[in-house]
Amino acid sequence: MSTDLLPELATAYPLTDDDVARYRTRGHVRLRGVASPEEAAAYRTPVAAAVERLSTESRPLADRDTYGMAFLQVMNLWRHDEAVARFVQARRFAGVAAALLGVPRVRLYHDQALFKEPGGGRTPWHQDAMYWPLDGSRCLTMWMPLVDITPAHGGLAFASGSHVDGALSDIGISDASAEHFDHLVAERGLVVDGPVAMRAGDASFHSGWTVHQALGNSAAQMREVMTVIWFADGLTVQQPANPAQGNDLASWLPGLVPGDLAASDANPALSPPEGSPRAS
């Protein structure tokens, strides 16, 4: 597909002060129509084709562990497909990310497609920034379904307010992280928000330290979700705190070492479109 035929996604999203306040207080916010259904449908085709082409998972669900059953995961599609790159680098999305973080512009960390197959298992509670050699409070993820979904498709749920204390575990996504955060959420009396039905093009944004999970997919259709992760421009690379962060440093911040400005060739700076809310 010619990228010229795809929507540009360069107009500003009408983010409100209440949206920003909700994100900063709860650590997450859901926004309607970040892309229109037509825009989401246009990008669904190249994203799904790239997932099919690049996915290396061929095992039946029954032969996978908890992580493997959670989703078909393909990362950094933008480096392999010009059409997907147009989506991932969209100024509209970057504008929302910058406003929520309160910065003039953001840099791309990486993207990942998370396609949950029918019968796919839950995605256990976790914090994304456990994997990132960056200040997780200055990073965030957009989670956008490219098809209409209900909670039964494997919707996302958040532990509201769980982002305020930073790292709460060094356990990767697993049965052990589910057990750890089940206990923590109950002990702290955190309110679990979601999952909810979402239209194609709706999106949630959550902080790097927000504890979240997804249900299994008990529906008959694939849950087709595209995610993009950004960080505030100007961050420095941190010393990896665990092997996962060491792997991420090599993969998504190539050529950099702790103390460097997080600005490799794989992390383009993305500025908001005209008319976006100003950073505050």
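Trainee: Which residue forms a salt bridge with Arg 107, and how far apart are the closest N and O atoms?

Mentor: The general idea is that side chains of opposite charge can pair when their charged atoms come close. In this predicted model, Arg 107 pairs with Asp 233, and the closest N and O atoms are 2.7 Å apart. Arg 107 lies in strand β3 and Asp 233 in the loop between β10 and α7, so the pair ties together parts that are 126 residues apart in sequence.

Trainee: Are those two partners buried or partly exposed?

Mentor: One of each. Arg 107 counts as buried, because its relative accessibility is 12% and the cut-off for buried is under 20%. Asp 233, with 27%, is partly exposed. There's a bit more to it: Arg 105, Arg 107 and Asp 233 are joined into one network by salt bridges that share partners.

Trainee: How many salt bridges does the structure hold?

Mentor: Eleven. Another one to look up is Arg 92 with Glu 39, where the closest N and O atoms are 2.8 Å apart. Arg 92 sits in helix α5 and Glu 39 in helix α2, so this pair ties together parts 53 residues apart in sequence. Both of these residues are buried. Then try Asp 165 and Arg 188, whose side chains meet at 2.9 Å, N to O. Asp 165 is in the loop between β6 and α6, while Arg 188 is in helix α6, 23 residues away along the chain. Asp 165 is partly exposed at 49% relative accessibility, and Arg 188 is partly exposed at 41%.

Trainee: What about Asp 128: how far away is the nearest side chain of opposite charge?

Mentor: That side chain is Arg 223, and it is 11 Å away. Asp 128 is buried yet has no salt bridge; the pairing would need a nitrogen within 4 Å of a carboxyl oxygen. You'll find Asp 128 in the loop between β4 and β5. Beyond its neighbours within four places in sequence, Asp 128 is in contact with Thr 141, His 206, Gly 208 and His 212.

Trainee: Now strands. In what order do the four strands of the open sheet come?

Mentor: First the idea: strands of a sheet pair through backbone hydrogen bonds, either parallel or antiparallel. Here the order is β4-β9-β6-β7, with antiparallel pairing. β4 and β7 stand at the edges with a single partner strand each, so one side of each has no neighbour in the sheet. For a pair to inspect, take β6 (residues 156–159) and β9 (residues 212–214), which are joined over three bridges. Within that pair, Phe 158 stands opposite His 212.

Trainee: Which helix lies across β4, β6 and β7?

Mentor: Helix α6, residues 175–188, and it runs at about 55 degrees to β4.

Trainee: Which residues touch the most other members of the largest nonpolar core?

Mentor: The background is that in soluble globular proteins, nonpolar side chains tend to be buried together. In this case the largest core has 62 residues, and Phe 87, Phe 93, Phe 205 and Trp 230 touch the most other members. The biggest contribution comes from α5, with eight residues. Another core, of nine residues, lies apart from it and includes Trp 143, Val 147, Phe 158 and Ala 214.

Trainee: How many residues of α5 are buried?

Mentor: Ten of its eleven, including Phe 93, Val 96 and Leu 100. Just after the helix, Gly 102 takes a positive phi of about 75 degrees. As for Phe 205, look in strand β8; its relative accessible area is 0%, so Phe 205 is buried.

Trainee: Which residues have a positive phi although they are not glycines?

Mentor: Two to check are Leu 9, at about 55 degrees, and Asn 76, at about 50 degrees. Leu 9 is in the segment before α1 and is buried, with a relative accessible area of 2%. Asn 76 lies in the loop between β2 and α4 and counts as buried at 7%.

Trainee: And where is the cis peptide bond between Gly 194 and Pro 195?

Mentor: Go to the loop between β7 and β8, where Pro 195 has its place. Omega for the bond joining Gly 194 and Pro 195 is about 5 degrees.

Terms used
Residues are numbered from 1 along each chain as its sequence is written. This is a predicted model: local features need pLDDT of at least 70, side-chain atom pairs count only at pLDDT 80 or more; totals for chains, interfaces and linings use all residues. Side-chain values use heavy atoms; hydrogens and water are left out. Helices (H or I, at least four residues) and strands (E, at least two) are DSSP runs, numbered from the N terminus. Buried means under 20% relative accessible area, exposed over 50%, partly exposed in between (1.4 Å probe, protein chains only). Lys and Arg count as positive and Asp and Glu as negative; His and the chain ends are not counted. Contact means heavy atoms within 4.5 Å. Two strands pair if DSSP finds at least two bridges between them. Axes are lines fitted to C-alpha atoms, for helices over the stretch in contact, and angles run from 0 to 180 degrees between N-to-C directions. A nonpolar core is a set of buried Ala, Val, Leu, Ile, Met, Phe, Trp, Tyr and Cys residues joined through side-chain atoms within 4.5 Å.
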